Each structure stands twice: as C-alpha cells, then as structure tokens.
Amino acid sequence: MRSDPGSAEPDHPLLREIARAIGRSDLAAYTTAFGIWETRVHNQRLAEGRRELIGRLAAVHPALAHELTSATAGGDWTSRLESLAEAWAWSAVAAAIRTHSTESATELQGNLDRLEDTLMRTTAELASEQAWWHCLRRMTVREASALRSFAREVQRVGRGKGRYAGRHRQGAREAMRLARDAVPAWVMPVRQVAETIEPRPDAFDVIIIDEASQLPVESAFLLWLAPQVIVVGDDKQCSPPMRVSGELEPIYERIEEYLPDVPRAFRHNLTPKSNLYELMNVRFPGGQRLTDHHRSMPEIIDWSSRMFYDGSLTPLRQYRTDRLPPLRVVEVPGGYREGREQSLRSPPEAERLVTELKAMTEDPAYSGKTFGIITLQGGERSGHIRLIEQLLDEHLPDQALRERLKIRVGTPPDFQGDQRDVVLLSMIAVDTPRIQGGADFERQRWNVAATRARDQLVLFTSTTLAQLKSEDLRASLLKHMLDAPTRETTPRHLANADLHTKRPEFDSLFE
C-alpha cells in the first residue's frame, strides 16, 4: 500500500486504521478500512482519467470541454451524449463553413468550377473505358481482323482518285460486312456510308441522321438502311447549295417520268432545291423541337432565339464568374470595300481583325481558347477570305500554333455543325443600299454565324447603327451586341416563374 501510486499520504488515517486492524488481527475492521481505501484509489484514478480526457477534448473543442466541466449534476447530458457523433460531425461542418466564409465568392466559385470540371472529365473517362471494355469483351478474333482490314482499305482509298481506289472500296465494303456487328455504333459521313455499307434494307437497327438540312435529297437512301430513323436538323440553318445550274425543267420532267407513283403533292420536293430535312418534315410533320441550348453563353444565343425561334431556346451553359465578355463590337473607322462579288473585300476590317486575333493569342485570358473567323458576305473563296488568310500568314506564321488554336476562316455554311470558343465576325458593310435578311438563305447564314461561338462573339463593323435600316438583320445583331449587358436572357416562358411551383422543365424546386 505504501508503494501504491494512490498512497500519496503515508500517514493517512485510513492507513493507520488498516495497520491497527492488522496488529489486532481484526478481519472485520481490516475489510472495512481496506474497502474504503480501494474506493478512494479507484475514484482518484477516474478523476485523473477524466482530467486527461478533458485536456484532450479542450485541445480540439474548448467550448465543449468547458460545457462538460461546468455542467451541474443531472441535466440532459445523458441524452445529449447519445448523439455525440452526429453533433460532432455537424460542428465540424459548421467550422469548415466559417473558415471558408472568409474566401471571396469568386474563389469559392472557382473551386466549384474546378471540381465540376474534374468530375465531368472523370465521368467521361469512366464512360469511355466502360464502353471500350464492353466492346472488346464481345469482339471475336475474326471481327477484330476485319476492323483492321477496314481501316487499312479506307486509308488506301484516300481521296478516291487512285488507279485502284475502286478495288480498295470493294475491300472496305467486304471488311465492313464482317466487322459491322463488332461496333455498337458507327459514325461516318454520308459519302463513306454509300461507299462501304452493303446496300440492303435493315443493315442497321437505327439510323441517326445529323445535320439533315445540309444533306441533298439523294441522301434519302439512308432511310432504306434501318427500320427506325431519327432525323435531326434545323430549317433555320444553312441548306446545301444547289449543284445544278440552268433550268430545272428537265429535272421535273424526269421526276414525272420515273416517279409516277409518288403523289404529286410530294413529287416536287425531290429536286436539287430541297434537302433531306425538308423532305422528311413534309412527309412526317409534327417533329419535336429541342429547345435546350448547351453551346453558347446566354447573351450570345439570345439574339438567334428571339429572331428565329420565337424566344423558345433555353440556354443551359454553365460558366465561371471570370468568363470572357460574351459580346464585343469592334468599330473600324474609315472602312471601305473594294471589288465585287467573289473579289469583294474590306482591307481595313481584315487588318483590324487579324491584329485583334494576334493580341488574343498573346492574352492569358484567352489561354486554351479556339478561334473561328466568319465573313458575312462573299462565297467560299471570296477576296475577303483570301485577304484574311494572307494576313494570318504574315502576322501568325506559326502553323503549329494555328492548328493548336484551331483557327479557321470561312463563310457561315463552312461553319455549319462546327463551333469555336471565340468567333470573330466580319460584317464587310459600308454603303448599305440593300437590306440583308429578306431571303431565307440570308437568314439562315446569319443564324449560323451568330451561334457558332461558345464563349465570345466579336463583331467587326465599318458602319454604324444609324447607317443601317431598322429591318436589316445587320442592324438587329449590331443593336443586340451593343445593348447586351442590359438585355434579359431568361426565356419568356420562365421569366415569371413561381418560386413555389415546380415547372415541367425541371425535376425539383431546387433546380
């Protein structure tokens, strides 16, 4: 007992009582005194353990330690301690929120954007790996060999003008017949479908035709290849150019001769003036309009939504707070045009555009962005396009850089189905006697041009709003871009949405 840690007081009355009981051989007195001593030592050890635990708790949660040490007997601590784990978790989250509350909204949004980007990339990689695993798991050795043969034969076809191109097409078609079932979904241009797919009905389960408004009527053979066909198109975007010059009367006569069983109401839709989307829209009316828009910033798509889609497009693009200004207007004072038709060009606009583009490539704000240049007048190889390409060769001669930035120059039809992060539009308008937008093809071109940009649309103009007539599409777009910061981009059917009523566009009130 004297060596026991609890025996800090060797002359304690209990020790003397125990000693006397031993001297008298008094078992009852010894048992009583020793029992009291054991209780004292036990309580002392409990107190030391409590002090140790309170000290550890105070190091991480001083407030809770104070609450426990100052609590009176009884109270509700028994029930409170039963949910200590949940309360501790809540307290940890609250402390984390208080810590992060010192960060700015921009920092928090940036962190959220980075986490969402990581989640999207990881999800895409996982989906890709799972798709490849499923495909390779079910692929036979014969199908794998046929796939390699198909790729080799298509490569040998090249531009299709070689001496043995026909033989290689035949080889690709045979390889496709063997390898077709090995790949769940084939993606290829219409020309390659015609060259490599065996021409028989129901060659596939489903055919999805994208950009159908860009396909001429002779692409209707695609409808023969599957029992189910999904046609995706937009009659508000550019149609394919008519490849037949001169009168259409001979074509009408051949349609009457070779297609007498086709009702006359539909017969004249089978001319070079039509496209596959128009043909299907006439035969199968009541298609579903897709109103969700994921490509462009809300300010960019708002003009096309109002002008061509009755304001029905709903922009769903997620973006950061440090985004580029969605719309910019660059005025080119002293601008002029020279040449006519295909030789038409505007040297001041071309020079200013290339200068601005070069500055963007050196600006950290545009790091990682891709660029497109669209001329709003002229044809595929107009003088203005050639001039811009010449200036690009002078000011941005690094071809590797231009390929990395995906710099492309063209007309609106050239960008049909394409997109860039930043699009630079060259209006090429000085004297404006003729109104733009009266013809369907003009409206289609302007709609395509104004919707190719994801992050920023830049308009270069040598004319002012006052010089353009109010019914001119050029005036409408220019006014929109000048007034964009104050323009409401919420779709009209959602502008007055009740915060307490769930709408069918969303799955919950939170959304």
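Visitor: Along S1, which side chains point to one face and are buried?
Guide: This is a predicted model, so read what follows as computed from it. The side chains of S1 alternate along the strand. Val206 and Ile208 point to one face and are not buried. The other face has the buried pair, Ile207 and Ile209.

Visitor: Why does isoleucine 207 count as buried?
Guide: Isoleucine 207 has its place in strand S1, residues 206–209. Buried means under 20% relative accessible area. Isoleucine 207 counts as buried because its relative accessibility is 11%.

Visitor: Which residues is isoleucine 207 in contact with, leaving aside its neighbours within four places in sequence?
Guide: One of them is leucine 225, which is 18 residues away in sequence and 7.3 Å away in space, C-alpha to C-alpha. With the neighbours within four places set aside, the list for isoleucine 207 reads Leu222, Leu225, Ala226, Gln228, Val229 and Ile230.

Visitor: And which residue in S2 stands opposite isoleucine 208?
Guide: S1 runs parallel to strand S2, residues 228–231, and 4 bridges join them. Across from isoleucine 208 in S2 is isoleucine 230.

Visitor: Moving on to the open sheet of 5 strands, what is the strand order?
Guide: Strands of a sheet pair through backbone hydrogen bonds, either parallel or antiparallel. Here the pairing is parallel, and the order is S5-S9-S8-S6-S7.

Visitor: Which strands stand at the edges of that sheet?
Guide: Look for strands with a single partner strand, so that one side is left without a neighbour in the sheet. That fits two strands, S5 (327–331) and S7 (408–410). From one strand to the next, the twist averages 20°. So the edge strands are S5 and S7.

Visitor: In S7, what is the bridge partner of isoleucine 374?
Guide: Strand S6, residues 371–375, pairs with S7 in the parallel sense over 3 bridges. Isoleucine 374 has its bridge partner in S7, and that partner is glycine 410.

Visitor: At about what angle to S9 does helix H14 run?
Guide: Take helix H13 (residues 298–308) for comparison: it lies across S5 and strand S9 (453–461), at about 70° to S9. Helix H14 (residues 347–362) lies across S5, S6, strand S8 (420–426) and S9. The angle between H14 and S9 is about 145°.

Visitor: Where do aspartate 421 and arginine 454 lie?
Guide: Aspartate 421 and arginine 454 form a salt bridge, with their closest N and O atoms 3.1 Å apart. The pair links distant parts of the chain, 33 residues apart. Aspartate 421 lies in strand S8 and arginine 454 in strand S9.

Visitor: Is aspartate 421 buried or exposed?
Guide: Its partner arginine 454 counts as partly exposed, because its relative accessibility is 23%. For aspartate 421 the relative accessible area is 12%, and the cut-off for buried is under 20%. Aspartate 421 is therefore buried.

Visitor: In which helix do arginine 20 and glutamate 17 both lie?
Guide: The closest N and O atoms of this salt bridge are 2.8 Å apart. Arginine 20 is partly exposed at 43% relative accessibility, and glutamate 17 is partly exposed with a relative accessible area of 27%. The two are 3 residues apart, about one turn of the helix, and that helix is H1, residues 13–24.

Visitor: What is the N to O distance between lysine 236 and aspartate 235?
Guide: Lysine 236 is partly exposed, with a relative accessible area of 27%. Aspartate 235 is partly exposed too, with a relative accessible area of 35%. Their side chains meet in a salt bridge, N to O, at 3.5 Å.

Visitor: Which residues are linked in a network of salt bridges?
Guide: The count of salt bridges comes to 22. Some of them join up in a network, whose members are Arg169, Arg191 and Glu195.

Visitor: How many disulfides are there?
Guide: A disulfide is a covalent bond between the sulfur atoms of two cysteines. Cysteine 135 is buried, with a relative accessible area of 7%, and cysteine 238 is buried at 3%. The disulfide count comes to 0.

Visitor: Finally, what percentage of the 511 residues in the protein is buried?
Guide: The protein has 18 helices and 9 strands. It exposes about 31,900 Å², and carbon and sulfur atoms supply 54% of that. Buried residues make up 36%.

Conventions: Residues are numbered from 1 along each chain as its sequence is written. This is a predicted model: local features need pLDDT of at least 70, side-chain atom pairs count only at pLDDT 80 or more; totals for chains, interfaces and linings use all residues. Side-chain values use heavy atoms; hydrogens and water are left out. Helices (H or I, at least four residues) and strands (E, at least two) are DSSP runs, numbered from the N terminus. Buried means under 20% relative accessible area, exposed over 50%, partly exposed in between (1.4 Å probe, protein chains only). Accessible areas come from the Shrake-Rupley method with a 1.4 Å probe; for residues, only the protein chains shown count as cover. Contact means heavy atoms within 4.5 Å. Two strands pair if DSSP finds at least two bridges between them. Axes are lines fitted to C-alpha atoms, for helices over the stretch in contact, and angles run from 0 to 180 degrees between N-to-C directions. A salt bridge is a side-chain nitrogen of Lys or Arg within 4 Å of a carboxyl oxygen of Asp or Glu. A disulfide is a pair of cysteine sulfur atoms within 2.5 Å.
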